[in-house]
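Please examine the following structure, beginning with its secondary structure and moving on to its interior and one surface position.

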Amino acid sequence: MCAHSSSGVEITEKIGQKLYPFINTLCLEVIDFNQKSGISENASILFDRFYLLKSEFESLRNYEIKLVFPSVLKVFNTKDNPDDKPAINIVELQRLTQNKEKMILELVEEIEAEAEKIHLPKKHPIYQLLFVFQTSFVQEKKQWNAMLNGWGIGCACFVAAQKMDDISKN
């Protein structure tokens, strides 16, 4: 097994088993708060954007947990078993997830602007959700992407896996 394996497991667990469930809980708190307090008409745009954010987040979460993280971790196992390379392109997976991340952060900005525009009270749980996306989500995803980039350059397992992808394209 590759020496980078433990850092890969650590960050995928941190994102998939800690950060993502926490964000999901915050989304549920927003929904619960809105059901109890009722959504005013002037907040309908904000909550339409919120539900789109929730959907995009769930899509990213499922994509990473079910495909990206297992595929990346599988690359580390190719050191001892070169015939067990993932059949997908890690660079392409990273590009697709970064597009989803960008969309999520754009929605966060839109929601924040709309919340300010309609003078949503600061006690509303949507502000905590936005804060977590703007801080923890951004920080963890930057670290994840930096690690993937580093592995793509300096990890023999990743380099070998990408060479196999390049060969299979011809």
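Helices are DSSP runs of H or I with at least four residues, and they are numbered from the N terminus. In this predicted model, glutamine 98 is found in helix α3. The protein chain contains five helices and zero strands, which follow one another along the sequence as α-α-α-α-α.

The protein chain has 170 residues, of which 42% count as buried. Among its contacts with a separation of 6 or more, 80% link residues that lie 24 or more positions apart. On the outside, the protein chain exposes about 9,300 Å², and carbon and sulfur atoms supply 55% of that area.

The interior can be described through its largest nonpolar core, a set of 43 residues in which Ile23, Phe50, Ile126, Leu129, Phe133 and Trp144 have the most contacts. At least two residues of this core come from each of α1 (5–37), α2 (44–77), α3 (90–117) and α4 (126–154). The largest share, 12 residues, is supplied by α2. Leucine 129 illustrates the packing: leaving aside residues up to four places away in sequence, leucine 129 touches Ile23, Leu26, Cys27, Val30, Phe50 and Leu53.

Glutamine 98 of helix α3 offers a second viewpoint. Is this residue buried or exposed? Its relative accessible area is 32%; buried requires a value under 20% and exposed a value over 50%, so glutamine 98 is classed as partly exposed. Glutamine 98 and lysine 142 are separated by 44 residues in sequence, and their C-alpha atoms are 9.9 Å apart in space.

How values were computed: Residues are numbered from 1 along each chain as its sequence is written. This is a predicted model: local features need pLDDT of at least 70, side-chain atom pairs count only at pLDDT 80 or more; totals for chains, interfaces and linings use all residues. Side-chain values use heavy atoms; hydrogens and water are left out. Buried means under 20% relative accessible area, exposed over 50%, partly exposed in between (1.4 Å probe, protein chains only). Contact means heavy atoms within 4.5 Å. Accessible areas come from the Shrake-Rupley method with a 1.4 Å probe; for residues, only the protein chains shown count as cover. A nonpolar core is a set of buried Ala, Val, Leu, Ile, Met, Phe, Trp, Tyr and Cys residues joined through side-chain atoms within 4.5 Å.
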